[in-house]
Amino acid sequence: MSDENNMPRHVAIILDGNGRWAKARGMPRNYGHVQGAKNVETICEAAYKMGIQYLTVYAFSTENWSRPQDEVAALMKLLRNYMKTCLKTAEKNRMCVRVLGDKSRLDEDIRTRIQELEEATKNNDGLHFQIAINYGGRDEIVRAVKKIAEEAEAGRLKSHEITEERMSGFLDTAGLPEPDLLIRTCNEQRISNFLLWQLAYTEFYFTPIPWPDFTREELIKAVEAYNHRDRRHGGLSSG
């Protein structure tokens, strides 16, 4: 394993392949989602022990509402249970948890659990763990632009004051470093409307392994691949 100096500070993961993993085993798709949720806890612990400081996972996109109604209902039930589990895990591992996305479409009890989870863990000094729920990159940018327009209409913001840095402060990820490495499982090679603004200089790593089978060893492989690349910033090689 490479030395810690080359450890990506922030890793983002698109958790793909839960349904296909379950189907390959003759099980319903929801079984895959349950196993995938369990794996999140495993990878959170592995990431923190490796020296990764920030981990962001894509759990439920704005497009996921178009899935079959029974699958969406099962995912929401899983989300409710996961919020409870996540609180216990956060207490044990001192994780600081934050939920990204438009929470307004979620049921009130889920919004309450999210608020309680964020409040209870906000001062924790372990892994910074972000979960994207009802999240879409374009939606996030639109919501940010609306906030900027409101500030401008109220006379609190002038057009010349709108910089990349100020724009970043209106996004769901305000205050977080941008991801160094994006991992997508199950061999899909696209970003699917995830962190469109934040991934501008991120290294991408695609693996055929479906998310429920993605282990600590697979995470190490991804980090090693990241370390073998000639990192460039602004078009200039850092090596």
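## A quick tour of this predicted chain

Let's start with one pair of residues: Ile-14 sits across from Tyr-58 of strand β2. Keep in mind that this is a predicted model. The chain's secondary structure adds up to 7 helices and 8 strands. Its radius of gyration is 18 Å, close to the 18 Å that the globule rule gives for 239 residues, so the chain is as compact as a globular protein of that length.

**The chain as a whole**

- If you follow the C-alpha trace along its principal axes, the chain spans about 60 × 50 × 35 Å.
- Of the 239 residues in the chain, 46% are buried.
- The chain exposes about 12600 Å², and carbon and sulfur atoms supply 48% of that area.
- Take the contacts between residues at least 6 apart in sequence: 75% of them join residues at least 24 apart.
- As for charge, there are 34 positive and 35 negative side chains. The centres of these two sets lie 4 Å apart.

**Strand β2 and its partners**

- Strand β2 covers residues 54–61, and 7 of its 8 residues are buried, which leaves the strand mostly covered.
- Strand β1 (residues 10–14) runs parallel to β2, and 5 bridges join the two.
- With β4, strand β2 also pairs in the parallel sense, here over 7 bridges.
- One residue pair from that second pairing is Phe-60 and its bridge partner in β4, Ile-133.
- Thr-56 belongs to strand β2, and with a relative accessibility of 2% Thr-56 counts as buried.
- What does Thr-56 touch, once residues up to four places away in sequence are set aside? The list includes His-10, Val-11, Ala-12 and Ile-13, and it goes on with Leu-100, Gln-130, Phe-194 and Leu-195.

**Strands β3 and β4**

- Strand β3 takes in residues 96–100 and is mostly covered too, with 4 of its 5 residues buried.
- β3 pairs with strand β4 (residues 128–135) in the parallel sense, over 5 bridges.
- Within β4, Gln-130 is the residue that stands opposite Arg-98. Gln-130 also turns up among the residues that Thr-56 touches.
- Asn-134 has its place in strand β4 and counts as buried at 3% relative accessibility.

**Two residues with a positive phi**

- Some background helps here: most residues other than glycine have a negative phi.
- Asn-134 has a positive phi of about 45°, although it is not a glycine.
- Cys-186, another residue other than glycine, has a positive phi near 65°.
- Where is Cys-186? Look in the loop between β5 (181–184) and β6 (203–206).
- At 13% relative accessibility, Cys-186 counts as buried, since buried means under 20% relative accessible area.

**Residues in the helices**

- Arg-20 has its place in helix α1, which runs over residues 18–24. Arg-20 counts as partly exposed, at 41% relative accessibility.
- Leaving aside neighbours within four places in sequence, Arg-20 is in contact with Cys-186 and Glu-188. So a helix residue meets the loop residue Cys-186 because their heavy atoms come within 4.5 Å.
- Arg-20 and Trp-211 are 191 residues apart along the chain, and their C-alpha atoms are separated by 9.9 Å.
- His-33 lies in helix α2, which spans residues 29–50. Is His-33 buried or exposed? His-33 is buried, with a relative accessible area of 8%.
- Not counting residues up to four places away in sequence, His-33 touches Asn-18, Arg-67, Glu-71, Leu-75 and Leu-78.
- Ala-149 is found in helix α5, residues 137–153. With a relative accessible area of 34%, Ala-149 is partly exposed.
- Ala-149 and Arg-229 are 80 residues apart in sequence, and in space they are 40 Å apart, C-alpha to C-alpha.

Methods: Residues numbered from 1 in each chain as written. Predicted model: local features only at pLDDT ≥ 70, side-chain atom pairs only at ≥ 80, totals over all residues. Heavy atoms only, no water. Rg over C-alpha atoms; globule rule 2.2 N^0.38 Å. Buried < 20%, exposed > 50% of the residue type's maximum accessible area, 1.4 Å probe, protein only. Areas by Shrake-Rupley, 256 points an atom, 1.4 Å probe, with all protein chains shown as cover. Lys, Arg positive; Asp, Glu negative; His and termini not counted. Charge placed at Lys NZ, Arg CZ, Asp CG, Glu CD. Pairing = 2+ DSSP bridges.
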